[in-house]
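This report is an introduction for a reader who is meeting the structure for the first time. It begins with the ligand and then turns to the sheets, the helices and some details of the backbone.

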Amino acid sequence: MIWNKEIECASREQMREIQSKRLVEMVKRVYDTVPFYHNKLKEKGIEPRDIKGIEQLKDLPFTLKTDLRDNYPFGLFTVPQSEIVRIHASSGTTGKPTVVGYTKKDIDMWSEVVARSLTMAGVTKNDIIQVAYGYGLFTGGLGLHYGAEKVGASVIPISGGNTAKQIQLMRDFGSTVIACTPSYAAFLGESIAKENIDPSEIKLRVGVFGAEPWTEELRTEVQKLLRIKAYDIYGLSEVIGPGVSMECDCQCGSHINEDHFIPEIIDPITLEVLPYGELGELVFTPVSKEAMPLIRYRTRDLTRLHADTCACGRTLVRMEKCLGRSDDMLIIRGVNVFPSQVESVLLEMEEASPHYQLVVSREHNLDTLEIKVELNEKYWSDEIKVLEGLKKLISHKIANVLGLTATIRLVEPRSIQRSEGKAVRVIDNRKLK
Ligand code: DLL
């Protein structure tokens, strides 16, 4: 089923026409109402009347996360506060949170894109969806909630955490869809397995997982644990929240709701726009948001775009699974390391659980990488020889993939702290010094 066929299956020309019209209108609006953009466009010598369509997107200035912080809290809003019906914020690692606002129309648009997304995963009004993303300033809970209601599904707004309750309601209410971070899904799966619950009591069939990078290997693991089909949902609060893009049943990339969020891939160094198929930083221009549209917002997420028509019939541009964020990329002794590479290696091995952590330190001016690997119950052994052998094997595999030697520390099942939301995969002690 397709939620909005006219848009999701539009020809490239039709889509460009919609995007052009919205872009022209939006640039004029922010020029007239947001001093930050007024000045930024003036600096570049751009008058709104110069912008005739999507071809000129590449000439417009970028917006950075720091720009949102500098205009904290409401400086980028285009409408008076009386028109704002919702405020969300994401807490950064440092300083002030990034604030976003929504008008009534923005909430409707957001519900529409999440409804499209859930429909891509085959969710219908006959489903019971357990929304286990956090409700609150984080966009995950309420974002999924409104979209699921729009689809007509029965929503259980349980929010994140309280695993025993999650499992109880899942059994009692017969939830068919679970929406949460993939790392929490892995934890839920393990907890169900531990309780020896009769699998027929769990009716889940679909997982809607996102808010953090995750690998194909983790997908396989979670699908096995929860006996579901797991779909990737992507989004960020600055652009709207969840529902910027979502995988369809073909699972060959996530379809971007590009009538609202125009995607580009840029080279993060030269800032040039790259052609489809090339790896680079994802940039979004949310053109139809009333309260807080942005021009060319740099997400820091690294991926590729593809524009060929998908077997599902949708023509919406697809983005590959995010490799990670450029600011999550660790540079260890000059080698670039993404946590997702470590995840891929570990989860190919039966012995490793989906819970791991990278600990980076600096000793005598030399970076060190320790990888804490939590073993699955079955493989946790008291025999030093067995554990040593396993350590060697993991170390060898990691060296092959990363081109870097890491110290492997095998840790007991359930000893790495679980997260109810985004998992903490990296502890970088170098930053503390
Ligand atoms: O994480 C919105 C969201 C909620 C998406 C629920 C999906 C499901 P923020 O907290 O602003 O918003 O974080 C946005 O999280 O720039 C990515 O780095 C990362 N991210 C989000 N979804 C994915 C995904 C929400 N599917 C940041 N794969 C983004 C990889 C993701 N990374």
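## The shell around the ligand

How many nonpolar, polar and charged residues does the shell around the ligand have? In this model, which is predicted, the shell consists of 9 nonpolar, 5 polar and 6 charged residues. Of the 20 residues around the ligand, those that come nearest are Asp232, Ile233, Ser237, Asp301 and Lys422.

Nitrogen atoms of the ligand take part in several short distances to the protein, and these involve both side-chain and backbone atoms. In the side chain of Asp232, an N or O atom is 2.8 Å from a nitrogen atom of the ligand, while for Ile233 a polar backbone atom is 2.7 Å from a ligand nitrogen. At Ala211, a backbone N or O atom lies 3.0 Å from a nitrogen atom of the ligand. On its own the ligand has 610 Å² of accessible area, and the protein covers 94% of this area. Two or more residues of the shell are given by helix 6 (139–151) and by strand 7 (229–236), and strand 7, with 5 residues, gives the most.

## The sheet of 9 strands

Strand 7, which contributes to the ligand shell, also belongs to an open sheet of 9 strands, whose order is 4-3-5-6-7-8-9-14-13 and whose pairing is mixed. Strand 4 (154–156) and strand 13 (305–306) stand at the edges of this sheet, and because each has a single partner strand, one side of each is left without a neighbour in the sheet.

Within this sheet, strand 7 pairs with strand 8 (residues 241–247) in the antiparallel sense, over 4 bridges. One residue pair can be named here, since Gly235 has Pro242 in strand 8 as its bridge partner.

## Helices across the strands

Helix 5 (residues 104–120) lies across strand 3 (128–131), strand 6 (206–210), strand 7, strand 8 and strand 9 (254–256), and it runs at about 30° to strand 8. Helix 8 (residues 182–194) lies across strand 5 (177–180) and strand 6, and its direction is at about 130° to strand 5.

## The sheet of 4 strands

Another open sheet has 4 strands in the order 10-11-12-15, and its pairing is antiparallel. Its edge strands are strand 10 (261–266) and strand 15 (324–325), each of which pairs on one side only. Strand 10 and strand 11 (residues 280–286) are paired in the antiparallel sense over 6 bridges, and Glu264 stands opposite Val283 in strand 11.

## Backbone details

Most residues other than glycine have a negative phi, and most peptide bonds are trans. Against that background, two places in the chain deserve a closer look.

Which form does the peptide bond from Tyr72 to Pro73 take, cis or trans? This bond is cis, with omega near -10°, and Pro73 lies in the loop between helix 4 (65–70) and strand 1 (84–90). The other place is Arg300, which is not a glycine and yet has a positive phi of about 75°. Arg300 lies in strand 12 (residues 297–303), a strand that appears in the order of the 4-stranded sheet described above.

Terms used: Residues are numbered from 1 along each chain as its sequence is written. This is a predicted model: local features need pLDDT of at least 70, side-chain atom pairs count only at pLDDT 80 or more; totals for chains, interfaces and linings use all residues. Side-chain values use heavy atoms; hydrogens and water are left out. A residue is near a molecule or strand if one of its heavy atoms lies within 4 Å of it. A polar contact is a pair of N or O atoms within 3.5 Å; within protein, one must be able to donate a hydrogen and the other to accept it, and residues adjacent in sequence count only if both atoms are side-chain atoms. Accessible areas come from the Shrake-Rupley method with a 1.4 Å probe; for residues, only the protein chains shown count as cover. Ala, Val, Leu, Ile, Met, Phe, Trp, Tyr, Cys and Pro count as nonpolar, Asp, Glu, Lys and Arg as charged, and the others, Gly among them, as polar. Two strands pair if DSSP finds at least two bridges between them. Contact means heavy atoms within 4.5 Å. Axes are lines fitted to C-alpha atoms, for helices over the stretch in contact, and angles run from 0 to 180 degrees between N-to-C directions.
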